[in-house]
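Before any coordinates are used for modelling, it helps to ask where they can be read closely and what holds the fold together. Please look through the entry below with those two concerns in mind.

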Amino acid sequence: MTFSQPLLLRALLALVGSLCLGLFALSGAAAQEPYWADLQPRSALVERGGSLWLNCSTNCPRPERGGLETSLRRNGTQRGLRWLARQLVDIREPEAHPICFFRCARRTLQARGTILTYQRPDRVELELLPTWLPVGENFTLSCRVPGAGPRGSLSVTLLRGAQELSRRRFPGESPRARGAMATFTATARREDHRVNFSCLAELDLRPHGLGLLQNRSTPQELHTFALAPEPPSLAFPRLLEIGTEQLVSCEMDKLFPAQEAHIHLALGSQMLSPRVSLDGDKLKATAAITVKEEGVEGEDEQELTCTVTLGGQNRKAQGNLTVYSFPQPNLTVSEASVREGTFVNVTCEARPGAQVLLDGAPEPPPGEPAWLTLTASEEDDERVFICEALLEVKGEILRRNRSLELQVLYRPRLDEAGCPGNWTWLEGMESTLQCWAPGNPPPVVECVRPEGGPAIPLGLPLPISRDHAGTYQCTASNTVGQTTKDVTVMVEYGPSFGEVDCPGAWTWVKGSDHQFSCEADGNPEPVVLCSRAGNSSHGELLFPHRGSHAGQDPAPGLYYCNATNTHGSASKRVTVSAESPPQMDEAGCPSHQTWLEGARAPMLTCRAQGNPTPRVHCSRDGPERPEKPSVSRADAGTFHCVATNSHGSDTRIVTIGVEYRPLVAELVAMPPGSVKPGGNFTLTCRAEGSPPAQYSWRTPPGAPNIGLSGNNSTLSVAGALGSHGGVYECAATNTHGSHALRITVHVTGPWLWIVVGGVAGGALLLASLGGLTYYLQSTACKKGEYNVQEAESSGEAVCLNGSGAGPGAGGGTGAEAGAEGGGAEVYSIQLTST
């Protein structure tokens with residue numbers, strides 16, 4: 001084994017310290033007593049009869065003599081110069097004090113020791129317990145442990161099973177004290193029955209390093225019992241008829257343990273074999289007793305005894321019963337089976353001394369028979385005559401009787417009680433047709449169905465169907481006569497829905513006379529109620545009785561129909577869907593529709609309402625025109641549109657109009673050619689367009705006295721001046737655009753060149769002012785050249801018109817020729833014609 005250096009160092013330091021302390025102690029002792037004697041072991045505990053080695057030694061260099069004094073037996077000795085060892089054997093004394101001595105330098109050195117002996121608890125004796133102890137009685141447990149010791153280390157425990165009842169210890173006892181005894185007084189309980197009691201002895205030598213020595217007595221089983229002082233309860237009949245069997249019983253309560261009790265029943269010297277039962281603390285014995293006729297004359301008393309034994313004690317009950325003989329009376333009739341009107345004699349008699357009674361007959365004296373005479377009638381059939389005999393035994397009245405039935409033969413009768421005339425059954429149930437006819441002999445009854453159909457056998461259960469309903473003729477007959485009766489059978493059944501009378505999917509056509517109906521089959525006639533799913537009230541449909549109809553048009557959806565009669569109910573889901581014939585109106589199929597010339601050819605817009613969704617077909621009046629990709633004026637016309645579904649059709653006439661941008665078709669002057677000064681002239685403008693065009697004029701600047709017609713299509717001048725000469729422009733405008741044409745009017749005369757020169761100078765000035773105005777207006781209108789067709793629908797087109805052109809000036813936006821004249825907003829823009 002290896003050790004670490006610190007651990008080894010600490011061990012060496014501890015050893016050196018111990019040696020120093022030992023030398024210091026020896027030096028101190030040598031100062032007072034230089035020599036000593038020692039005995040090992042100084043104190044010893046040895047089992048009684050055991051052995052021990054004692055070692056006696058001294059530090060005297062040359063002791064004169066030495067020895068070991070003790071009264072104990074020795075077996076051998078070993079010696080040395082300054083020691084001796086001796087074995088002590090068979091040590092039995094409870095306590096011994098050996099002395100070790102040596103003689104040294106004229107002094108005696110001594111050392112004393114103590115030897116104690118112990119004895120195991122080999123015998124643990126528990127006094128015998130009684131065989132049985134009554135519950136509640138005290139008993140003493142006594143335990144003896146002889147020889148065990150020392151008693152100061154001994155304890156004695158009395159045990160009930162594993163439960164400690166009492167523990168006794170002996171503290172402070174002398175080491176010489178041996179053996180012990182312990183007692184405990186207990187009360188017998190039910191729980192102690194068959195419980196083991198024992199005694200445990202323990203010698204605790206653990207303080208001496210020898211452990212705990214235990215021993216236990218032989219366990220003794222205790223038997224406790226409870227037996228009430230009262231006798232058992234005996235139940236038996238006071239009288240016992242010869243040849244009959246009677247039960248007797250004996251029971252006793254408050255027994256413990258009841259299962260270990262014994263119970264015996266005896267009748268006289270005869271031991272009975274009872275059946276014994278146990279119920280808690282109660283024990284019961286039941287036996288059947290029978291007395292034969294042999295050996296019994298008249299009335300005989302016998303003793304019945306019951307004995308219960310438990311715990312060596314007995315409880316006994318006894319009683320007397322009387323054995324007797326009392327046979328049945330005799331009952332006779334002159335004839336047991338007779339026809340109506342026959343005389344019948346009945347006689348009742350019993351053993352001597354008995355009183356007899358017969359129904360309907362006077363009471364005779366004791367010991368005499370009773371007589372009865374009658375004329376048989378139907379009411380006497382199956383009449384039971386009872387003969388009763390009475391006998392007094394031991395103050396108790398005994399009764400015996402005998403009965404006899406009279407048979408009277410009579411013709412059958414079918415009445416309502418035995419053969420009801422009306423039967424009501426439920427279909428599917430198993431029912432039995434009963435038709436019973438009183439009569440003797442018992443009549444044969446048959447029921448047939450004159451009109452045919454399935455028959456119903458009498459008295460046999462049969463699954464009933466509605467086909468069994470009808471009238472049956474029942475006939476009862478026997479050897480005396482015959483009778484007949486009609487029987488009506490009605491078959492009721494619960495409601496049921498069929499697809500024919502209550503379809504699961506029903507389609508309502510709007511505007512039709514066909515209304516929803518739902519009928520159920522059943523007997524009694526069922527009440528049918530239909531309501532819409534999800535409606536907590538009566539719903540949209542309500543049918544108060546079979547076959548009723550909805551009072552209003554039903555809303556589409558899921559309906560639940562329920563049929564009820566006294567035999568139950570039936571339900572059915574009905575899906576109602578609403579359909580309608582086609583219908584077209586202005587919203588879905590406008591009667592007037594407008595297309596735009598040149599646009600992509602559209603489809604004719606015409607929709608129809610209806611369910612199923614209608615198919616709409618539109619056809620043009622007159623010859624069909626070929627389809628073109630764009631709209632032309634030839635597309636205008638009248639169309640017939642027809643919407644069709646499975647419930648009908650609807651027709652609507654649609655007029656198609658084609659609109660187009662205006663076109664100035666004609667611009668003429670009257671008179672044509674030049675106009676003389678002072679003369680009159682008229683300009684007529686004619687344009688085509690849809691919608692109709694609005695006319696506007698552009699006139700030469702400064703031209704006075706210009707007149708316009710009501711629609712502006714005609715311009716007239718009376719008294720022409722030189723200023724009326726120039727370019728006139730007619731513009732036609734509608735929502736789809738505009739178009740313009742120009743015409744030049746010449747006013748001729750001798751002063752023409754003067755006028756021309758003046759006009760040229762004025763034109764130069766106006767051109768300068770126009771350039772300035774154009775510059776100022778450049779933020780609103782762009783410079784450059786414009787195509788009229790491109791500018792017609794744009795904001796720039798506004799700038800092509802003069803808003804202040806002077807009297808008679810028009811406000812048109814487009815033209816075919818360049819503008820002439822000097823309006824306030826006439827700019828230098830070159831216009832190109834289309």
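The questions and answers that follow concern this predicted model, moving from the whole chain to single residues.

Q: How many helices and how many strands are there in the chain?
A: The chain has 834 residues, of which 38% are buried. Among its contacts with a separation of 6 or more, 63% are between residues 24 or more positions apart. The secondary structure of the chain consists of 3 helices and 61 strands.

Q: What share of the accessible surface of the chain belongs to carbon and sulfur atoms?
A: The accessible surface of the chain comes to about 46100 Å². Carbon and sulfur atoms account for part of that area, and their share is 51%.

Q: Over which residues does pLDDT stay under 50, with 103 contacts beyond four places in sequence in the model?
A: The average pLDDT of the chain is 82, and 83% of the residues score at least 70. One stretch where pLDDT stays under 50 is residues 536-540, for which the model has 9 contacts beyond four places in sequence. Where pLDDT is low, the predicted coordinates should not be read in detail. The stretch with 103 such contacts, where pLDDT also stays under 50, is residues 767-834.

Q: Why is the disulfide of Cys60 and Cys104 right-handed or left-handed?
A: The sulfur atoms of Cys60 and Cys104 lie 1.9 Å apart, within the 2.5 Å that a disulfide requires, and this pair belongs to a set of 12 disulfides in the structure. The torsion about the S-S bond of Cys60 and Cys104 is about 75°, so the disulfide is right-handed.

Q: How many residues apart are Cys60 and Cys104, and which parts of the chain does the pair link?
A: Cys60 is buried at a relative accessible area of 2%, and Cys104 is buried as well, at 4%. The disulfide between Cys60 and Cys104 links distant parts of the chain, with Cys60 in the loop between β3 (50-58) and β4 (65-69) and Cys104 in strand β8 (residues 99-104), and the two are 44 residues apart.

Q: Is the link of Cys502 and Cys518 right-handed or left-handed?
A: Cys502 and Cys518 are both buried, and their sulfur atoms lie 2.0 Å apart in a disulfide. Cys502 is in the loop between β43 (482-497) and β44 (505-509), while Cys518 is in the loop between β44 and β45 (520-523), 16 residues apart. The torsion about the S-S bond of Cys502 and Cys518 is -90°, and the link is left-handed.

Q: In which strand is Cys730, the partner of Cys685?
A: Cys685 and Cys730 are joined by a disulfide with an S to S distance of 1.9 Å, and with -90° about the S-S bond this link is left-handed. Cys685 is buried at 3% relative accessible area, and Cys730 counts as buried at 0%. The pair links distant parts of the chain 45 residues apart, Cys685 being in strand β54 (residues 681-690) and Cys730 in strand β58 (residues 726-734).

Q: The backbone nitrogen of which residue lies 3.1 Å from a polar atom of the side chain of Thr58?
A: Thr58 is found in strand β3 and counts as buried at 7% relative accessibility. Beyond four places in sequence, Thr58 touches residues including Trp36, Arg82 and Phe102. A polar atom of the Thr58 side chain lies 2.6 Å from the backbone oxygen of Trp36, and a polar atom of that side chain lies 3.1 Å from the backbone nitrogen of Cys60.

Q: Which strand supplies the largest share of the largest nonpolar core?
A: The largest nonpolar core has 29 residues, and those touching the most other members are Phe139, Leu141, Cys143, Val145, Val156 and Phe197. The strands β10 (114-118), β13 (138-145), β14 (154-160), β16 (180-187) and β17 (195-204) each supply at least two residues of this core. The largest share, 5 residues, comes from β17.

Q: How many residues are in the other core, among them Ala258 and Leu321?
A: In the largest nonpolar core, Phe139 is one of the residues touching the most other members, and beyond four places in sequence Phe139 is in contact with residues including Leu129, Phe184, Phe197 and Leu222. Apart from this core lies another, which includes Ala258, Ala285, Leu304 and Leu321 and has 28 residues.

Note on methods:
Residues numbered from 1 in each chain as written. Predicted model: local features only at pLDDT ≥ 70, side-chain atom pairs only at ≥ 80, totals over all residues. Heavy atoms only, no water. Helix = DSSP H or I, 4+ residues; strand = E, 2+ residues; numbered from the N terminus. Buried < 20%, exposed > 50% of the residue type's maximum accessible area, 1.4 Å probe, protein only. Polar contact = N/O pair within 3.5 Å; in protein donor to acceptor, adjacent residues only side chain to side chain. Contact = heavy atoms within 4.5 Å. Core = buried A, V, L, I, M, F, W, Y, C linked by side-chain atoms within 4.5 Å. Areas by Shrake-Rupley, 256 points an atom, 1.4 Å probe, with all protein chains shown as cover. pLDDT = per-residue confidence, 0-100.
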